[in-house]
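I opened this notebook to record what I looked up in the structure, entry by entry. I begin with the pocket and then turn to the cores, one helix and a few single residues.

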Amino acid sequence: MMNSACVQITRATGEDGDEAIGFVMAARAEMFPMLDSRVLPADLQRFAQVYVQGQAGAFWLARCAGQIVAAVGYLPYDHRFAQFDYRGVHTVEIVRLFVAPAFRRSGLAARLCSELREHAISQGVEVLYLHTHPFLPGAIRFWERQGFTVTDIESDPVWQTTHMQCWLTDMR
């Protein structure tokens with residue numbers, strides 16, 4: 001485990017796009033080898049529009065000695081899961097939380113999530129939504145420690161997608 005004291009966390013800018021995409025795609029290929037690593041997800045195809053320009057999305061990068069060692073972002077929730085009704089509630093989806101192996105278990109992911117949460121609150125976000133999978137070691141427990149609760153677990157035998165949310169307001 002690396003000392004995370006050297007780590008600086010900043011919001012991504014347009015100039016960070018290519019490097020951020022490279023980091024995310026490499027981490028994604030490691031964590032999800034079953035996905036086609038040649039296919040760039042839609043949010044990354046439009047990185048600047050989704051995460052940098054405008055108020056709807058945001059992305060953070062953690063660097064040590066100039067190198068990206070972790071990342072996380074959020075984008076507007078797109079209502080693609082029928083079991084959740086967030087209509088009328090300002091909801092964003094947390095995506096792309098990846099931490100380089102040498103920096104895991106150092107508190108860096110929690111620091112990134114704290115930055116994200118504070119920014120979301122400042123933007124009037126009411127609910128943080130995410131989904132994860134039990135085959136990612138420690139992911140569900142990590143998110144529970146960040147104040148998230150499990151709202152649904154899909155029965156798919158491979159993914160067992162675990163949906164979680166965290167209300168930022170008292171409007172539960």
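**Entry 1: the largest pocket.** I took a pocket to be an open set of grid points where a 1.4 Å probe fits, with protein on both sides within 12 Å along at least five of seven lines. The model is predicted. I looked up the space in the largest pocket and found about 1300 Å³. I then asked which lining residues are closest to the centre of the pocket. Of the 44 that line the pocket, these are Met-31, Leu-97, Phe-98, Thr-132 and Leu-136.

I sorted the lining of this pocket by class and noted 24 nonpolar, eight polar and 12 charged residues. Helix H1 (17-31), helix H2 (42-45), S4, H4, S5 and H5 each supply at least two residues of the lining. S4 gives the most, with seven residues.

**Entry 2: the nonpolar cores.** I looked up the largest nonpolar core, which has 30 residues. Leu-108 and Leu-128 have the most contacts inside this core. The elements that each supply at least two of its residues are strands S2 (58-64), S3 (67-76), S4 (91-99), S5 (127-132) and S7 (162-167), together with helices H4 (108-122) and H5 (139-145). Which element gives the most to this core? I found that H4 does, with six residues.

I followed Leu-128 further, leaving aside neighbours within four places in sequence. Leu-128 is in contact with Val-92, Ile-94, Leu-116, Ala-120, Phe-148, Met-164, Gln-165, Cys-166 and Leu-168. I also recorded a second, separate core of 21 residues, which includes Phe-47, Phe-59, Leu-61 and Ala-71. I note the general background: in soluble globular proteins, nonpolar side chains tend to be buried together.

**Entry 3: helix H1.** I checked the length of H1 against expectation. At 1.5 Å a residue, its 15 residues should span 21 Å, and the end C-alpha atoms are 21 Å apart, so the two agree. I listed the buried residues of H1 as Gly-17, Ala-20, Ile-21, Phe-23, Val-24, Met-25, Ala-27 and Arg-28. What covers them includes H2, helix H3 (47-52), S2, S3 and S4.

**Entry 4: two loop residues.** I looked up Asp-16, which lies in the loop between strand S1 (8-11) and H1. Is Asp-16 buried or exposed? I count Asp-16 as buried because its relative accessibility is 13%, and buried means under 20%. Not counting residues up to four places away in sequence, Asp-16 touches Arg-11, Leu-61 and Arg-63.

I found Phe-84 in the loop between S3 and S4. Phe-84 has 12% relative accessibility and therefore counts as buried. Leaving aside neighbours within four places in sequence, Phe-84 is in contact with Tyr-77, Tyr-129, Thr-151, Asp-152 and His-163. I also noted that the C-alpha atoms of Phe-84 and Ile-153 are separated by 12 Å, with these positions 69 residues apart along the chain counted as their distance apart.

**Entry 5: positive phi.** I looked up two residues other than glycine with a positive phi: Ala-65, near 55°, and Arg-96, near 60°. Ala-65 has its place in the loop between S2 and S3, whereas Arg-96 lies in strand S4. I recorded Ala-65 as exposed, because its relative accessibility is 74%. Arg-96, at 18% relative accessibility, counts as buried.

Key
Residues numbered from 1 in each chain as written. Predicted model: local features only at pLDDT ≥ 70, side-chain atom pairs only at ≥ 80, totals over all residues. Heavy atoms only, no water. Core = buried A, V, L, I, M, F, W, Y, C linked by side-chain atoms within 4.5 Å. Buried < 20%, exposed > 50% of the residue type's maximum accessible area, 1.4 Å probe, protein only. Helix = DSSP H or I, 4+ residues; strand = E, 2+ residues; numbered from the N terminus. Contact = heavy atoms within 4.5 Å. 1 Å grid on protein atoms, 1.4 Å probe; cavity = no way out; pocket = protein on both sides within 12 Å on 5 of 7 lines; lining within 4 Å. Points joined across faces, edges and corners; volume = space filled by probe spheres on them. Nonpolar A, V, L, I, M, F, W, Y, C, P; charged D, E, K, R; others polar. Expected span 1.5 Å × (residues − 1).
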